[in-house]
Protein chains: 4
Amino acid sequence: MQRIALIGAGFIGSVHAGNLAAHPDVDLVAVYDVDHARAAALAATHGTRAAGDLAEVFDADLVDAVYIASSTDTHAEHLRRAVDAGVAALCEKPIDLDLARAADVVAHARARSGRVMVDFNRRFDTDYLEVKRVVDSGEIGTVELITLTSRGPAMPPLSYIAVSGGQMRDQAVHFFDLARWIAGLDPTEVFAAGAALAEPRLAAYDDVDTSVATLRLPGGALVQIDSARRTGYGYDERLEVLGSEGMVQVRGHRTGAVSRHHAGRIVDDGLHPGWFERVRPTYAAALAHFVVTLERGGDPTPSLADGLKAQAIAEAAVRSLHSGRSEPVRYP
Amino acid sequence: MQRIALIGAGFIGSVHAGNLAAHPDVDLVAVYDVDHARAAALAATHGTRAAGDLAEVFDADLVDAVYIASSTDTHAEHLRRAVDAGVAALCEKPIDLDLARAADVVAHARARSGRVMVDFNRRFDTDYLEVKRVVDSGEIGTVELITLTSRGPAMPPLSYIAVSGGQMRDQAVHFFDLARWIAGLDPTEVFAAGAALAEPRLAAYDDVDTSVATLRLPGGALVQIDSARRTGYGYDERLEVLGSEGMVQVRGHRTGAVSRHHAGRIVDDGLHPGWFERVRPTYAAALAHFVVTLERGGDPTPSLADGLKAQAIAEAAVRSLHSGRSEPVRYP
Amino acid sequence: MQRIALIGAGFIGSVHAGNLAAHPDVDLVAVYDVDHARAAALAATHGTRAAGDLAEVFDADLVDAVYIASSTDTHAEHLRRAVDAGVAALCEKPIDLDLARAADVVAHARARSGRVMVDFNRRFDTDYLEVKRVVDSGEIGTVELITLTSRGPAMPPLSYIAVSGGQMRDQAVHFFDLARWIAGLDPTEVFAAGAALAEPRLAAYDDVDTSVATLRLPGGALVQIDSARRTGYGYDERLEVLGSEGMVQVRGHRTGAVSRHHAGRIVDDGLHPGWFERVRPTYAAALAHFVVTLERGGDPTPSLADGLKAQAIAEAAVRSLHSGRSEPVRYP
Amino acid sequence: MQRIALIGAGFIGSVHAGNLAAHPDVDLVAVYDVDHARAAALAATHGTRAAGDLAEVFDADLVDAVYIASSTDTHAEHLRRAVDAGVAALCEKPIDLDLARAADVVAHARARSGRVMVDFNRRFDTDYLEVKRVVDSGEIGTVELITLTSRGPAMPPLSYIAVSGGQMRDQAVHFFDLARWIAGLDPTEVFAAGAALAEPRLAAYDDVDTSVATLRLPGGALVQIDSARRTGYGYDERLEVLGSEGMVQVRGHRTGAVSRHHAGRIVDDGLHPGWFERVRPTYAAALAHFVVTLERGGDPTPSLADGLKAQAIAEAAVRSLHSGRSEPVRYP
């Protein structure tokens, strides 16, 4: 039985709490949140207790691992405390919006052999796992072009945008990671172009809501990612890998399998309303992987290094948005 | 909080136990099975206790409702005891393989105002609910033709076939109910034809594994159901309603959204491996409906009368298999 | 160069005229129609001449073959004249609405070794040819169930219905032939049920517009055909073959590949507006086959015997519509 | 009746010859080719004559228009002669691989009010016309992102590559034109990245076979085009427009509608084997438009200016391939 404490009782924290409570090998020992009432309510739902302070959470005598789902600006500190305490950690991305700070904590963890996993949950999607399997099996030959679509249904509130790090660091970063993972290669340069079309006020945040990014992989293969914050038609996430011997793709997920036929048209159920409905099962699968490594040993992946690399790509993309040229990725 | 006891700890009983345990308004008070060890094991999994005998299960002071998931030949007796004890019941189909016995217990329940629901779980599938909504809304006009496909992946063992009642009573009966429900009409006659193609030994059981049935509805509309026990390619369940103003259909459910493109062909993920994967969420939804009627009053549906009518259609279908002619449905 | 004369300058005759004129190995030598002006106009369009009377058309010195596309009640007579004259014939279905008369002319043709092909054009559809190839290759094992959907977009005029022979002989007969052809077996009995739902006045013609038919094949395999005269949503023709090792299907053909995504729904281009758009290329392909047999020898198929058998199935279906029981097919 | 002469009797010339011969309002008066025997053979097929020299082709007393389908390096000269002779012209793209030379002849044609159409035939595809209609209707709001996929099935021979102008000028240029046409806007800058992955010898031609291009439109909307010379799985052409109110897409065209279901997988007919099968009907539609403008007056489109603009975008893309930065488009 792995004793895991949860840090963060917001929306995504409550998702993790449910998965932790449902996992047969996990004992959800405590929930911590800066808002103690919120922690208490979530803890009560799952029959556990709220931690009075962080010291309880990082007590290696009581806790085997922490799930860090607090606000982004606290991740690095929590990671450092977990590493120092000898407690394993599963951490929401990003490590830290500041790449240098992120690199520091990653170096620290490496030096102390901390067991940390970054929650790039899409790697645990069954469709993406199948794509990875197909690519690794050689069925489609050498990877030549990866295309990814990442389009959210509706503009997040400006308050969220303000602390998100922007579309590259917040949204596209998941797909930078997916591309790296599927290709098994680290992109060397990135071009990005974007605009604030859905929400012109984004310009004040030096952010964009509609963008395309082109990554070059060692050997010349290319990656193309289009991202939008607001589609108006649902959550649209797709992936495609063109290889020298064929192509494999993941189509958009639909909410149902109903078709309505009327004069000359066929009306199908559309895409999921939001990202959460699309990726919901991946959180439990990511947790399951983490727990297995706790039980059996071995390093959980995606690792902190994976998290850092995806962020480094995002940084290059942000530079490119400003420079108008393909920017080299500088991995820390 | 509704106190519900479960009768039957086999495969489907264990599914129900999980749903009962997860329902926020349900207290799973006990699990009963003729095999006490099996009941104990399932009870332990969900933190409840095994009932020592049936008397505990039908004790209205301790139990508000029972979920009857025991072997088919015990349903009628358990239903009668529940009705007599003033305990509500959610019962797996069929009520009893013998239509006269089934009619008896239904009459008894009606006389005693028993609150009983029959678990035709497909009525709670989100796709079928949408079809029902479309039909009821008048979007496709008057129903003229309903077609249903029901094809299982693999031949069940002969030991199962022997007690199943045969393809009409065991498999097609779900679709007789769906057709009635969607059309809002009781079929008046049935023609059925079938053969033992996948498993010739079925002939010894006077059973078939591949069949088609044609139902006539009041007003002349038609229903067509094709059933197979073994597809070799997965579980294939589809539904289609042709109306005077359009058509609505539910396509087969696929296990994933991956397409592989190779020389001239596109290879997609196929259908679910079995019926359970396809309909899994409907059990929880059926339970949720049952619990709501316990809490708020009102009669749960599908009712015992619904269960009886579907069985009456199956009986007519069996007669037609032998007579080679369209047989009138004799509703008890 | 095959010298072919066309009999019949109506809609389908004009389609054949176009195909005859475009075929590189065919010389369209004349067009005949009881309406001479209509024949003259069609002949002029294709740079040929109108025949003054039928004697010209059946003159073996001038004509190698005739394409019989005149009204149904003249087919048998034209076939007989072609056979007597030693002129080959490609004849629209049916041979004659009266099965006995049809059998007579078929016997006559057989006795005289006439070279005659019946235009069951769907056998030349590239999708159906692929299904036939799959079935014959053994890829899906032994055929166990064939399902066919045949739904026209709009009710034909009553004037057409009056001379059509009814839904079984006019519409379903194409699919009786397809089923025979794909299975390579002659159905032994037929059950049919139908109603006049789209056009209640059909009852006065002893006809139906919505029907289902169940055919039994030697060995026990089943065929199921649903037919409708009016869908309201386009022309819907589908076919599916379930075998012991898999399934092969032909989906409905769509007019385009455009999808429109709006709030929660995906609107696709629908099915073809009518049967002609769906099967248009099959007429030229059927003609091409006929011409090849003229050039190289060999018997063209579908043969007159094929035509007669499909009609015999239709007759059994009509009997079943009245008797309410499965009727044996009586092949002449 | 429009008297049209064809210049060029190669593969695409023979396609045009067939369309010219089949058009009811066109008299194909002559075929010219530098290889006289080839011209004679094609002319004979369509019952017309081969022109002995170009003077016949540009004789306005005998010819109303020319269809220029000769080798690329002769387009500009033929266009100039047509303009000077007062003969209309429908010209294969590109106008000239040298943008300055192309601009010269376009200026000349403008000064002389020549009636010239450039054969960007994809604008006449029924699916793309529907997308254009949807976009222009406002159904999907303001255009924010256009994505295009252009992937050929197999590497063309190096001899073709050598004179093609490279992937941007030869292949992507069609999609630069489509994007301009659908958006109704002239891209202001282009980024392109590519590699020679399918055929490393392309590097010797300073060419790529796998590439992505990002175009920026006035107002900030983006266009993304991925191009590949060799897929191994067929010809894959797709288009998608994301607007502020929805999305419209054209899916890949498949060769048939057959699905084969085997253990856990569904195998569908794949994409067309080549570009020609995909776009074949567009050539006749483009010709029909040209003929209508000849008959009724009005300027045919795409115009020479359209052709020049698409080429200017391709030039910027080529510059970007070398510079690694987004390059401004310099329209002549």
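**Entry 1: the sheet in chain B**

Before anything else, a reminder to myself: two strands pair if DSSP finds at least two bridges between them. I also note that I am working with a predicted model.

With that rule in hand, I looked up the sheet in chain B. I found 6 strands in an open sheet, with parallel pairing. Reading across chain B, the order is β3-β2-β1-β4-β5-β6. Which strands stand at the edges in chain B? They are β3 (49-50) and β6 (116-118), and each has a single partner strand, so one side of each is left without a neighbour in the sheet.

Then I picked one pair to follow by eye. Strand β4 (residues 65-68) of chain B runs parallel to strand β5 (residues 88-91) of chain B, and 4 bridges link them. For a concrete spot to click on, I took B:I68, whose bridge partner in β5(B) is B:C91.

**Entry 2: the sheet in chain D**

Next I opened chain D. Here 6 strands form an open sheet, ordered β3-β2-β1-β4-β5-β6 and paired in parallel. The edges in chain D are taken by β3 (49-50) and β6 (116-118), which each pair on one side only.

This time I followed β1. Strand β1 (residues 2-7) of chain D and strand β4 (residues 65-68) of chain D run parallel and are joined by 4 bridges. On this pair I marked D:I4, which has D:A65 as its bridge partner in β4(D).

**Entry 3: how chains A and B are related**

I moved on to whole chains. What rotation superposes chain A on chain B? The answer is 180°, with 0.0 Å of shift along the axis and an RMSD of 0.0 Å. The two copies are thus related as by a two-fold rotation axis. I wanted a residue to find that axis by, and in chain A the one that comes closest is A:A22, with its C-alpha at 4.9 Å. Both copies use the same surface here: 100% of the contact residues of chain A recur in chain B.

**Entry 4: the contact between A and B**

A note on how to put a number on this: the size of an interface is often given as the accessible area lost when the parts come together. Chains A and B bury about 1,900 Å² between them, and carbon and sulfur atoms give 44% of that. In chain A, the residues that lose the most area to chain B are A:R251, A:A257 and A:H261, together 29% of what that side buries. I counted heads too: 23 residues come from chain A and 23 from chain B.

How many salt bridges cross between chain A and chain B? The rule finds 4. I zoomed in on A:E130, which forms a salt bridge with B:R260, with the closest N and O atoms 2.9 Å apart. There are also 16 residue pairs in polar contact between the two chains.

As for which parts of chain A are involved, α6 (126-137), β12 (246-250), β13 (258-262) and β14 (265-269) each give two or more residues to the side that touches chain B. By class, that side of chain A has 7 nonpolar, 7 polar and 9 charged residues.

I also found strands pairing across the two chains. β13(A) pairs with strand β12 (residues 246-250) of chain B in the antiparallel sense, over 4 bridges. My marker is A:R260, whose bridge partner in β12(B) is B:V248.

**Entry 5: the contact between B and C**

Chain B touches chain C as well. This contact takes 42 residues from chain B and 43 from chain C. The buried area is about 3,100 Å², with 53% from carbon and sulfur atoms. On the chain B side, B:E144, B:L197 and B:Q224 supply 16% of the area buried against chain C, more than any other three residues.

I get 8 salt bridges between chain B and chain C. One to look at is C:E130 with B:R265, where the closest N and O atoms are 3.5 Å apart. The count of residue pairs in polar contact between chain B and chain C is 13. Among the elements of chain B that give two or more residues to this side are α6 (126-137), β7 (143-151) and β11 (236-243). The residues on this side of chain B divide into 14 nonpolar, 16 polar and 12 charged.

**Entry 6: how chains B and C are related**

Last lookup. A rotation of 180° superposes chain B on chain C, with 0.0 Å of shift along its axis and an RMSD of 0.0 Å. In chain B, B:R325 has the C-alpha nearest the axis, 1.9 Å from it. The surface is shared by both copies, since 100% of the contact residues of chain B recur in chain C.

Note on methods:
Residues numbered from 1 in each chain as written. Chains lettered and ligands numbered in written order. Predicted model: local features only at pLDDT ≥ 70, side-chain atom pairs only at ≥ 80, totals over all residues. Heavy atoms only, no water. Least-squares fit on C-alpha atoms with pLDDT ≥ 70 in both. Contact = heavy atoms within 4.5 Å. Buried area = accessible area lost by both parts, 1.4 Å probe. Salt bridge = Lys/Arg side-chain N within 4 Å of Asp/Glu carboxyl O. Polar contact = N/O pair within 3.5 Å; in protein donor to acceptor, adjacent residues only side chain to side chain. Nonpolar A, V, L, I, M, F, W, Y, C, P; charged D, E, K, R; others polar.
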